[in-house]
Amino acid sequence: MPLFIIDFLVTEIRHRWRIVRASKDAGYTTETVIGIALLAALAIAVIAIIAIIAAKITAKANSINLDGTGGGTKT
């Protein structure tokens, strides 16, 4: 590539970088994406905990003896 094209590209990148740096909300998008990712991870964790609790409750309910031959005293 000729030297003037490289010089033009470097100048253009510097100019655009200054525009981005001068912007007041330059980090807003990044903060939003990180916040949404954290909320999504939290939602996945809550769903996983609920699934674990539901599995334990179901297992306990299935282990209950309903035929009347289990332990305990008759009165």
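Me: Where buried means under 20% relative accessible area, exposed over 50% and partly exposed in between (1.4 Å probe, protein chains only), which of these words fits Leu-39?

Reply: This is a predicted model, in which local features need pLDDT of at least 70, side-chain atom pairs count only at pLDDT 80 or more, and totals for chains, interfaces and linings use all residues. Residues are numbered from 1 along each chain as its sequence is written, and side-chain values use heavy atoms, leaving out hydrogens and water. Leu-39 lies in helix α2 (residues 28-62), a helix being a DSSP run of H or I of at least four residues, numbered from the N terminus. Because the relative accessibility of Leu-39 is 57%, the word that fits is exposed.

Me: Which residues join Leu-39 in a nonpolar patch on the surface?

Reply: A nonpolar patch joins Val, Leu, Ile, Met, Phe, Trp or Tyr side chains within 5 Å, from residues with over 30% relative accessible area and no salt bridge (Lys or Arg side-chain nitrogen within 4 Å of an Asp or Glu carboxyl oxygen). The patch has about 390 Å² of accessible area together (Shrake-Rupley, 1.4 Å probe). Its members besides Leu-39 are Leu-42, Val-46 and Ile-50.

Me: What is the N to O distance in the salt bridge of Glu-12 and Arg-16?

Reply: Glu-12 and Arg-16 both lie in helix α1 (residues 3-22), four residues apart, about one turn of the helix. Glu-12 is partly exposed at 25% relative accessible area, whereas Arg-16 counts as exposed at 54%. Their side chains meet at 2.8 Å.

Me: How many of the 20 residues of α1 are buried?

Reply: The protein chain has 75 residues, of which 0% count as buried, and its accessible surface comes to about 7,200 Å². Helix α1 lies largely in the open, because the number of its residues that are buried is zero.

Conventions:
Helices (H or I, at least four residues) and strands (E, at least two) are DSSP runs, numbered from the N terminus. Patches are made of residues with over 30% relative accessible area and no salt bridge: like charges are joined within 9 Å, nonpolar side chains (Val, Leu, Ile, Met, Phe, Trp, Tyr) within 5 Å.
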